[in-house]
Structure formats: C-alpha cells, structure tokens
Amino acid sequence: NRFGHRTQIQLIKKTAHQLIKQGERSVTSSQTEKYDLVYCAGLFDYLSDKVCRKLMNIFYDMLAPGGLLLATNVDDHPSQNEMEYFLEWTLIHRNNEKMLGLAPEKAKPDDVKLIRDPSGINIFLEVRQSHGES
C-alpha cells in the first residue's frame with residue numbers, strides 16, 4: 001500500500017493427494033501458472049519423507065523464476081512425549097539433515113537454506129528458484 005501497489009494473493013486449498021496427482025499430470029502437460037511464493041506449513045509434520053519429497057518437487061516446479069518455496073516442520077518439540085501419550089497427537093519430527101533431504105531435486109545447493117524460529121522448535125526449509133529455471 002505504501003508504494004501504491006496491490007499484491008495479489010491466491011490461496012489454493014487442495015489435499016496432498018490432489019497436489020501429487022496434479023503434479024504427475026503437469027509433467028506431461030505444460031503448466032502455465034507460476035507463483036512467486038509457495039508456503040507450506042503444518043503439513044509435513046504428518047507425511048512420510050517420500051510424500052514430502054514429491055510435494056517439494058511439485059512446489060518447486062510451481063515457482064516463477066526467482067520465486068521462493070518455504071516449508072516448515074517440527075523438530076525436537078519439548079512436549080513431544082506428553083502430546084503423544086495424553087493427546088495421541090503424533091508428529092513426524094525432522095532435524096536439519098532430514099529437512100535438507102526433502103529439498104527439491106532440481107534445486108541448486110546454493111539456493112537451499114535452513115532457518116529456525118527463535119524457539120528452535122520449528123525448522124524452515126527455504127528454496128529459491130533460480131532465475132534461469134521454471
């Protein structure tokens with residue numbers, strides 16, 4: 001607003017299954033819609049590494065050149081035992097190494113980095129689409 005620009009935000013609500021199915025179809029067809037930001041939070045805590053890797057590759061392919069992919073996961077939650085025992089709430093915890101293992105195959109190592117929130121509980125995998133790709 002300060003610069004007189006309107007930022008268009010398009011929220012897409014789909015299941016992981018729908019995204020994977022759509023991503024498999026996009027391989028054979030040309031996907032025209034590209035995004036400056038793909039943000040995935042609260043999903044990977046429940047999905048296997050195999051599914052997360054598929055989604056990361058799909059999300060990466062959705063990025064416009066220079067776009068940013070940001071995915072989060074829980075690591076080392078101090079209440080993990082209580083959450084699992086009392087609430088039957090089981091999360092898949094991933095450390096730095098496991099999160100880096102989810103990076104998209106096409107991403108260049110220099111375009112991938114990890115960030116932690118101040119609590120140290122949440123880890124963010126940040127991947128930048130190179131300007132020459134899409």
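1. A contact here means two residues with heavy atoms within 4.5 Å of each other. With that in hand, take the contacts in the protein chain between residues at least 6 apart in sequence: 67% of them join residues at least 24 apart. Keep in mind as you read on that this is a predicted model.

2. How far can you trust it? The protein chain averages a pLDDT of 83, and 82% of the residues score at least 70. Among the elements, strand E3 (residues 112-116) has the highest mean, 95, while helix H3 (residues 80-87) has the lowest, 64. Where pLDDT is low, the predicted coordinates should not be read in detail. I'd go easy on H3, with its mean of 64.

3. Now the overall layout. The secondary structure comes to four helices and four strands. Walking along from the N terminus, you meet them in the order α-β-α-β-α-α-β-β. The protein chain has 134 residues, and 37% of them count as buried.

4. The strands make up an open sheet of four, in the order E1-E2-E4-E3, with mixed pairing. E1 and E3 stand at the edges with a single partner strand each, so one side of each has no neighbour in the sheet. On average, neighbouring strands are turned by 15 degrees against each other, direction ignored.

5. Look at one edge of that sheet in particular. E1 and E2 pair in the parallel sense, over five bridges. To find your way, start at Tyr 35, which stands opposite Leu 63 in E2. Helix H2 packs on the sheet and touches E1, E2 and E4; the direction of H2 makes about 150 degrees with that of E2.

6. Which residues sit in the thick of the largest nonpolar core? This core has 26 residues, and those touching the most other members are Phe 44, Leu 55, Met 56, Phe 59, Leu 69, Leu 125 and Val 127. Helix H1 (16-28), strand E1 (35-40), helix H2 (49-62), strand E2 (63-74) and strand E4 (122-128) each supply at least two residues. H2 gives the most, with seven residues.

7. Leu 55 is a good one to click on. Leaving aside residues up to four places away in sequence, Leu 55 touches Ala 16, Leu 19, Ile 20, Leu 43, Phe 44 and Leu 47. Phe 44 turns up again here, having already been listed among the core residues that touch the most other members.

8. Why is there no disulfide between Cys 40 and Cys 52? A disulfide needs two cysteine sulfur atoms within 2.5 Å. The sulfur of Cys 40 has its closest cysteine sulfur in Cys 52, and that is 7.7 Å away, too far for a bond. Seen from Cys 52, the closest cysteine sulfur is the one in Cys 40, again at 7.7 Å. The count of disulfides by this rule comes to zero. Both cysteines are tucked away, though: Cys 40 is buried, with a relative accessible area of 8%, and Cys 52 counts as buried at 0% relative accessibility.

9. One last stop: His 93. You'll find His 93 in the loop between H3 and helix H4 (96-100). Is His 93 buried or exposed? His 93 counts as buried because its relative accessibility is 16%, and the cut-off for buried is under 20%. In sequence His 93 is 19 residues from Val 74, but in space the two are 5.3 Å apart, C-alpha to C-alpha.

Methods. Residues are numbered from 1 along each chain as its sequence is written. This is a predicted model: local features need pLDDT of at least 70, side-chain atom pairs count only at pLDDT 80 or more; totals for chains, interfaces and linings use all residues. Side-chain values use heavy atoms; hydrogens and water are left out. A nonpolar core is a set of buried Ala, Val, Leu, Ile, Met, Phe, Trp, Tyr and Cys residues joined through side-chain atoms within 4.5 Å. Buried means under 20% relative accessible area, exposed over 50%, partly exposed in between (1.4 Å probe, protein chains only). pLDDT is the predictor's confidence in each residue, from 0 to 100. Two strands pair if DSSP finds at least two bridges between them. Axes are lines fitted to C-alpha atoms, for helices over the stretch in contact, and angles run from 0 to 180 degrees between N-to-C directions.
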